[in-house]
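Colleague: Please take a close look at one part of this model, the patch of negative charge on the surface. Which residues gather there, and where do they lie?

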Amino acid sequence: MTSTGAVRPGSRAWRAAVDQGSGFEAVFLDPVGQTVQQRWADAAMTVAFEDLPPVSAFPVVPGRRWGPGLWWSATTGRHVAAGSNAMRAQLMVLDRDPDVTGLAGRPVRLLWRNQRGQVRSWVPQVFARYRDGTGLLADCPSHPDSGGKHAREAAEAVAQACAHIGWTYRRLPPLDDVLAANLKWLAGYRHPRNAGRPALMAAVVEAFTRPRPLTEGAGAVGDPIEVLPAVFHALWHGQLTADLDTPLHERVHVCPQGWSGPETGGVG
């Protein structure tokens with residue numbers, strides 16, 4: 001057992017704790033790094049998973065071009081552990097979602113018994129907290145069949161555990177290449193410093209009261225070298241919008257937040 005009284009994953013006591021009648025269990029690290037095991041329904045209601053470190057490290061796969069790293073979240077102002085390029089892409093999507101208030105990488109391991117009584121466990125890659133207090137557990141496969149049968153069975157179990165408490169589990173499909181490239185570009189301007197001098201952001205939003213080409217609106221505000229970072233910052237944070245399913249370019253039409261007028265097309 002740990003110093004907090006929790007059993008260690010993999011031990012005989014750990015297996016005994018996840019018995020047929022206990023349902024799902026959660027294993028996580030407390031704020032001082034001690035392992036805690038708790039009934040899943042209780043942990044989900046009381047633990048701020050968005051504030052916790054990974055319960056286990058992301059694996060390093062030899063030969064893979066992109067390994068584990070950190071994503072700086074504009075939502076929280078803190079780093080989130082990321083285990084793959086596919087996961088980083090999904091973190092970008094969640095980081096732009098105005099309903100998301102917290103993010104964490106691998107903060108909880110779920111334990112359960114399958115129909116044959118065998119103890120199974122899974123660590124979802126992403127946790128997101130929503131504004132209404134509910135949570136999302138998600139995995140970010142690089143292709144739909146990643147992980148094989150084991151991953152599919154785990155996905156069914158974790159989805160059941162989440163549904164029981166009013167949360168959601170998803171295997172997030174890989175992003176389209178164009179969308180991923182556009183988000184990566186805008187993410188480079190997500191930090192508050194790109195909002196620029198006082199009153200610049202208000203002027204940028206005013207310049208795109210109606211849809212107009214990117215460079216035209218930026219030029220109307222001032223020097224593009226100063227203004228464009230603020231435009232991209234506004235596009236990241238949703239103060240302005242553009243079609244991110246086509247490549248961003250200097251004549252792409254930028255629209256005000258919530259624009260519902262006629263389509264303007266991609267060129268001016």
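Modeller: In this predicted model, Asp176 has a relative accessible area of 46%. That value falls between the limits of 20% for buried and 50% for exposed, so Asp176 is partly exposed. Its place in the chain is the loop that runs from strand S10 (168-171) to helix H5 (177-187).

Asp176 belongs to a surface patch of negative charge, where it gathers with Asp177, Asp243 and Asp245. Membership requires over 30% relative accessible area and no salt bridge, and like charges are joined within 9 Å. Asp176 and Asp245 are 69 residues apart in sequence, yet their C-alpha atoms are 8.0 Å apart in space.

Asp243, another member of the patch, has a relative accessibility of 41% and therefore also counts as partly exposed. Asp243 sits in the loop between strand S12 (240-241) and strand S13 (253-256).

The two strands that flank this loop also pair with one another: S12 and S13 are antiparallel and joined over two bridges. One of the bridge partnerships is that of Thr241 with Cys255 in S13. S13 has a further antiparallel pairing, with strand S11 (residues 212-213), again over two bridges. There, Pro213 has His253 of S13 as its bridge partner.

To return to the patch, its negative charge comes from Asp176, Asp177, Asp243 and Asp245, with Asp176 in the loop before H5 and Asp243 in the loop between S12 and S13.

Definitions and conventions: Residues are numbered from 1 along each chain as its sequence is written. This is a predicted model: local features need pLDDT of at least 70, side-chain atom pairs count only at pLDDT 80 or more; totals for chains, interfaces and linings use all residues. Side-chain values use heavy atoms; hydrogens and water are left out. Patches are made of residues with over 30% relative accessible area and no salt bridge: like charges are joined within 9 Å, nonpolar side chains (Val, Leu, Ile, Met, Phe, Trp, Tyr) within 5 Å. Accessible areas come from the Shrake-Rupley method with a 1.4 Å probe; for residues, only the protein chains shown count as cover. A salt bridge is a side-chain nitrogen of Lys or Arg within 4 Å of a carboxyl oxygen of Asp or Glu. Lys and Arg count as positive and Asp and Glu as negative; His and the chain ends are not counted. The place of a charge is taken as NZ of Lys, CZ of Arg, CG of Asp or CD of Glu. Helices (H or I, at least four residues) and strands (E, at least two) are DSSP runs, numbered from the N terminus. Buried means under 20% relative accessible area, exposed over 50%, partly exposed in between (1.4 Å probe, protein chains only). Two strands pair if DSSP finds at least two bridges between them.
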